[in-house]
Amino acid sequence: MCSDPLIRVTAMPTDLNPYGGVFGGWLMSQMALGAGSLASREGQGKAVVVSATDFAFPGAMAVGDELSVYCEILATGKTSLTIAAEAIARERNGEAETKVASGTFKFVMLGDDDKPRPVRAVGGKWA
């Protein structure tokens with residue numbers, strides 16, 4: 001995974017499920033935002049999620065905990081990027097960290113016409 005988080009956010013009371021824990025859907029959306037940021041940067045343009053798989057929720061987080069999302073590119077296709085995302089919670093009043101979620105996202109790069117286009121490699125060259 002990358003060494004710096006792509007997104008960092010604090011869980012708020014509106015992010016809870018009916019049982020008082022942080023809602024898994026909220027975690028997934030934060031991971032999608034982080035992975036989308038990496039896809040847009042690396043693909044140099046508009047990137048949309050076409051699939052999300054392999055989710056696991058090995059830990060729990062509480063209101064006020066800080067969530068950091070780390071991502072890495074697993075594969076590059078002609079028009080797509082597959083990105084792994086990992087969500088780590090840090091307790092609000094300390095340094096203890098817990099892995100709370102992980103998953104894989106596939107993004108397709110779109111051109112100005114909103115049709116799939118080739119992924120550009122780093123440096124602006126077409127893949």
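## Contacts, sheet and helix in a predicted chain

Of the contacts (heavy atoms within 4.5 Å) in the protein chain with a separation of 6 or more, 67% are between residues 24 or more positions apart. This is a predicted model, in which local features need pLDDT of at least 70 and side-chain atom pairs count only at pLDDT 80 or more, while totals for chains, interfaces and linings use all residues. Residues are numbered from 1 along each chain as its sequence is written, and side-chain values use heavy atoms, with hydrogens and water left out.

The protein chain contains 1 helix and 5 strands, in the order β-α-β-β-β-β from the N terminus. Helices (H or I, at least four residues) and strands (E, at least two) are DSSP runs, numbered from the N terminus. The C-alpha trace spans about 45 × 30 × 20 Å along its principal axes.

The 5 strands form an open antiparallel sheet ordered E1-E3-E4-E5-E2; two strands pair if DSSP finds at least two bridges between them. At the edges are strand E1 (7–10) and strand E2 (46–56), each of which pairs on one side only. Neighbouring strands are turned by 25° against each other on average, direction ignored. Axes here are lines fitted to C-alpha atoms, for helices over the stretch in contact, and angles run from 0 to 180 degrees between N-to-C directions. Helix H1 packs on this sheet and touches E1, E2, strand E3 (66–76), E4 and E5, its direction making about 45° with that of E5. Strand E4 (residues 80–90) and strand E5 (residues 97–110) run antiparallel and are joined by 11 bridges. Alanine 87 stands opposite alanine 101 in E5.

Two residues of H1 are set out below. Leucine 27 lies in helix H1 (residues 24–43), as does glutamine 30. Buried means under 20% relative accessible area, exposed over 50%, and partly exposed in between (1.4 Å probe, protein chains only). The contacts listed leave aside neighbours within four places in sequence.

| Residue | Relative accessible area | Contacts |
|---|---|---|
| Leucine 27 | 4%, buried | Val22, Phe57, Met61, Leu67, Val100, Ala101 |
| Glutamine 30 | 9%, buried | Ile7, Val9, Leu67, Val69 |

Leucine 27 touches Ala101, the alanine that stands opposite alanine 87. Leucine 27 and threonine 104 are 77 residues apart in sequence and 13 Å apart in space, C-alpha to C-alpha.

Across the 127 residues of the protein chain, buried residues make up 38%.
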